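Student: I'm new to this one. Can we look at it together and go through what the labels are based on?

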Amino acid sequence: MIFQDAAAFQASSFTPRVCVIGSGPAGLSVALKLAAAKVPCVVLEAGADEWTEDAQDAYRGDVIGDHYFDLDVTRLRYFGGSSNHWAGWCRVLDAHDFEPKAYVEHTGWPIGRGDIEPFLDETRDVLDLAPFQADRAISSEFRWFEMQKSHPVRFREKYAPLLAESRMIALVLNTQVDELVGDGAAVTAARIRSRGAEAGELVAPYFVVATGGLENSRLLLWSNERSNGGVVPHARALGRYWMEHPMFEVGMGFVTDTDTMRFDAEGDAFFTPSAEAMAAREVLNFHVQVESMPYHGIKKYIAGTACMAPESTQWVAETLGLRLTCASRLHMAWEQPPREHNRVSLSTTERDAAGIPRIELHWRKDDLDRRTMLEGIRMFGETFARNDLGRIRISDWVRDGGDWPDDMEIAGNHHMGGTRMGENRATSVVDANCKVHGMANLYVAGSSVFATSGQCTPTTSLTALALRLGDHLGRVVVAGPSKA
Amino acid sequence: MKQNADDRLKRRTVLAALLALPAFALLHRVIRPTASSDIVEVDGWILKRSDVEGDRA
């Protein structure tokens, strides 16, 4: 069932056991699993079935710290959420991404890769993915891996027909949750707003917040403030440990062994370090994307080798009259350390049309970001040379510690952390089942539960986690509250 | 396509010619040692020591 607003939903006789807030990949994945367990659920979507300026306006906010994307551009607020502009690049977190790293504080998850593996087949079905190719070691330090560039699923397009026919899922468009109401032990209701007007309270036995990696923190921070701590009783970590994947072009090079590189159809090859290699240099996870720019014959050789020094490049260019460029560009994306000071907070001055404080995102890269970038690309360059795959050159700004460029990718539009998973209530918000610490019926879905980010795009892993949550919650609902 | 021995030889010849350029004297001043004895960092390039020292490496 799809309802266009809260009034239409309230006029129906549908009685949900679970209220899911948000219709993006996380929210709909939870709902699909609940429906499979025959648990009726309502999915509230703040936006319409297409982009509108009014709905999107609620996502405006400020960034304090490093240069970052406008907060109303880096995500989308309508049916299907940010899947509507998702690029479709997929990869699952590695087993070692879940493990603590002794040299970086606050790393490690309370679950392992094995906990999400039972849901990876379903994840592939949801995201229309092919089976992942196995990684292949190119040295003791690096592995080639497949970054699966899927045709990106737009959840609105894929699931609208199924939802329209569903008797277990009621999707309500144009309806947002202004705040959750809680008593410190459970959420008792959601105060909703539909088509710009207050629309009363929605009561359900269970609630799942799935509004995205920035908005989850905002909704819970605001609800907690309004309920005097009644929604997130252990709130020290709420909004904190927020992470992105910084992405920059860090160098160039030339490739001599294209067989080992295994470029994909778009001419890209991806490499990631082993856990041992990361530990040896005390860096976090990362990947290097080698973007090929193929040449033929002597021009290729000269382009590559002459670039070894600007002076010799110029000499060759002038002598041979060739227009030289380099044979590959090196892009890097890496895992940020989870830092308490990188956080989502509520603006004290700016509010949206519903009167809810806008986001202030505090985000700075630090010394470990620099170290991971520089030592990571050095390590890759050494593997590249030692195994005669080619030679690389690291950009001057990377080696010299220059300012972060603001004319490159900057980051991945990957919003992670803020309601991170953990056992310690001082440094996490949800437990291993994505349930908010101290609350009987409140869960969080999406990449905001990531304790650490790994190096890969988050959508595949967050979908697997959401399916796992849906599976767990379905069993909890069927068994009754005592099993929560 | 994998490089054959002739290609590698050609590349090495080009490299050797380039390293004979006057600019190489400048490069020598910015060689950065690495953790591995077989690898050097020259003006940002990550090279095998044998790339810059030839048969002496």
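**Cysteines, cores and crossing helices**

Tutor: Let's start with the cysteines: over all chains, the count of disulfides (cysteine sulfur pairs within 2.5 Å) is zero. This is a predicted model, where local features need pLDDT of at least 70, side-chain atom pairs count only at pLDDT 80 or more, and totals for chains, interfaces and linings use all residues. Residues are numbered from 1 along each chain as its sequence is written, chains are lettered from A and ligands numbered from 1 in the order in which they are written, and side-chain values use heavy atoms, without hydrogens and water.

Student: Why is A:Cys41 not bonded to A:Cys19?

Tutor: The closest cysteine sulfur to that of A:Cys41 is in A:Cys19, 9.1 Å away, so it's too far for a bond. A:Cys90 is in no disulfide either, with the nearest cysteine sulfur, that of A:Cys456, 9.4 Å away.

Student: What makes A:Cys90 count as buried?

Tutor: Its relative accessibility is 0%, and buried means under 20% relative accessible area, using a 1.4 Å probe and protein chains only. A:Cys41 is buried too, also at 0%.

Student: How do you know that α5(A) and α6(A) are roughly perpendicular?

Tutor: The axes (lines fitted to C-alpha atoms over the stretch in contact, with angles from 0 to 180 degrees between N-to-C directions) cross at roughly 100 degrees. Roughly perpendicular covers 65 to 115 degrees, so α5(A) and α6(A) earn that label. Among the residues making the contact (heavy atoms within 4.5 Å) are A:Val126 of α5(A) and A:Tyr159 of α6(A).

Methods:
Buried means under 20% relative accessible area, exposed over 50%, partly exposed in between (1.4 Å probe, protein chains only). Helices (H or I, at least four residues) and strands (E, at least two) are DSSP runs, numbered from the N terminus. Angles under 35 degrees count as roughly parallel, over 145 as roughly antiparallel, 65 to 115 as roughly perpendicular and the rest as oblique.
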